[in-house]
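Biologist: I would like to learn how to read a model of this kind, beginning with its overall division and then moving on to finer contacts. Could you take me through it step by step?

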Amino acid sequence: MTLHNGREFLSIPGPTTVPDEVLSAMHRPATDIYSGELVAITESVLQDLKTVFKTTGNTYIYISNGHGGWEAALTNVLSRGDKILVCESGRFALGWGDVGKFLGVDAEILPGDWRSAVDPNELEARLRADKDGDIKAVLCVQIDTASGVVNDIPAIRNAIDAVGHEALLMVDAIASLACMPFDMDTWGVDVAVAGSQKGLMTPPGLAFVAVNQKAKARHANAGLRSPYWDWTKREGEEHYMKFSGTPPVQMLFGIRKALDMLFDEGLEHVFERHRLLAGATWAAVSEWRQGGAFDFNITEAAQRSVTVTTIRMINDEEPALLLKFCKEQLGTVLGIGIGEIGSSAFRIAHMGHVNAPMMMGTLGAIEIGLCATGIAHGTYGVPGGVRAAAAFLGDELSLLK
Ligand SMILES: *Cc1c(COP(=O)(O)O)cnc(C)c1O
């Protein structure tokens, strides 16, 4: 017996569910790439990305995934042998640092423990010790999709400023942009990276980089510049130069529609929706964890991200059977654990094109799975996660207040 017929629920933290409107917008024949609608769409997307990143700086669109966005960011501002400081809080800043190492950059890790956010005081202490200003850039993710942590980017900036350090602040906002506030100019972020397939609700295939004047000044002397990623080349007038070649036609129609949907909903509303759906998830997990079989990976509630919740089994048990059951019997795909906590963790995504019934459906599927696989959950064996999630949303949305 299985109950998985019908549309599969994808609850992984990227790629995320693509709205039907975006899919329809992409369904079109090859078009003229030298003039007309597509050229206007490129211009409008570059402009609207500034609104999403909240910057008056420059934006660039790459045909690539997030890893390409990482490489674009690094090659445009660094030279071989430069030192960078990589703030660990999970898997993803480390991965970005590895790209730097491959490029010949000296990547030092500011160690973190995967269960909490980057500590701005530790960053400040490390920068204070860098008397000669060897560190050219600080790399940090806003949300780490492996650990489920959210880092406090303004606090990271304050740590850099407290020392008067000249390092660039480079932020990976791939799992957070268009899901929670990101305020590039106000926060003093010099380079920011995002991708199409997370909060931006579009299939994987586009990376976005936003850059301020300070980063542009470093760009002038960067030794790692290469033709495909180069910002200066991409500022050429001709449409093809914005992409260093043929533009990603259907993807551009897709991201245009996705941005329209986000603006129609209103970014503030989008952020609030993520906060509420994350809150429902946390209410459920807080109930389930009473069973003693698993817990939040991120210890402090305030450091849990609004886009993905990472759950860690106690005693290094493996949630593999639960994930298999949810997928095969219930048509609900949960995120596997990745990185050093991999096999003993799983992840619930609440990122991008998600609404209340989707979230409640996912939580309901997990609760069925917990019952069916015999994983202890709830108080005195009473499964109450879904009830707690519903109560949370009912209270937040109450018409009686
Ligand atoms: C998904 C993700 C990436 C990598 O993006 P790809 O498109 O898989 O290359 C990088 N950083 C964060 C925080 C992510 O969530």
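Modeller: Let us begin with the domains, bearing in mind that this is a predicted model. The domain assignment divides the protein into domain 1, made of residues 9-16 together with 267-396, and domain 2, which covers residues 31-263. Taken over C-alpha atoms, the centres of domain 1 and domain 2 are 29 Å apart.

Biologist: How many residues of domain 1 and of domain 2 are in contact, and what area do the two domains bury between them?

Modeller: The size of an interface is often given as the accessible area lost when the parts come together. Here domain 1 and domain 2 bury about 2,400 Å² between them, with 63% of that area on carbon and sulfur atoms. Of the area that domain 1 buries against domain 2, Leu267, Phe271 and Gln303 supply 23%, more than any other three residues. In terms of contacts, 29 residues of domain 1 touch 29 residues of domain 2.

Biologist: Which polar interactions are counted between domain 1 and domain 2, and which elements of domain 1 give two or more residues to that side?

Modeller: There are 15 residue pairs in polar contact between domain 1 and domain 2, counting pairs with both residues at pLDDT 80 or more, whereas the count of salt bridges between these domains is zero. On the side of domain 1 that touches domain 2, the elements that give two or more residues are helix H11 (267-288) and strand E12 (308-313), and the largest share, four residues, comes from H11. By class, this side of domain 1 has 13 nonpolar, twelve polar and four charged residues.

Biologist: Where in the structure is a salt bridge found, and how many are there in the whole structure?

Modeller: Side chains of opposite charge can pair when their charged atoms come close. A search of the whole structure finds 21 salt bridges, one of which joins the side chains of Asp20 and Arg7 at 3.6 Å, N to O. Asp20 belongs to helix H1 (residues 20-26), while Arg7 lies in the segment before strand E1 (9-11), so that the pair, 13 residues apart, links distant parts of the chain.

Biologist: Which residues are around the ligand, and what polar distances should I inspect there?

Modeller: Among the residues around the ligand are Asn65, Trp70, Phe92, Gln197 and Lys198, as well as His67, Thr145 and Asp172. An N or O atom in the His67 side chain is 2.4 Å from a ligand oxygen atom, and a polar side-chain atom of Thr145 lies 2.3 Å from an oxygen atom of the ligand. For Asp172, the partner is a nitrogen atom of the ligand, 2.6 Å from an N or O atom in the side chain.

Notes:
Residues numbered from 1 in each chain as written. Predicted model: local features only at pLDDT ≥ 70, side-chain atom pairs only at ≥ 80, totals over all residues. Heavy atoms only, no water. Domains from an automatic or database assignment. Contact = heavy atoms within 4.5 Å. Buried area = accessible area lost by both parts, 1.4 Å probe. Salt bridge = Lys/Arg side-chain N within 4 Å of Asp/Glu carboxyl O. Polar contact = N/O pair within 3.5 Å; in protein donor to acceptor, adjacent residues only side chain to side chain. Nonpolar A, V, L, I, M, F, W, Y, C, P; charged D, E, K, R; others polar. Near = heavy atom within 4 Å.
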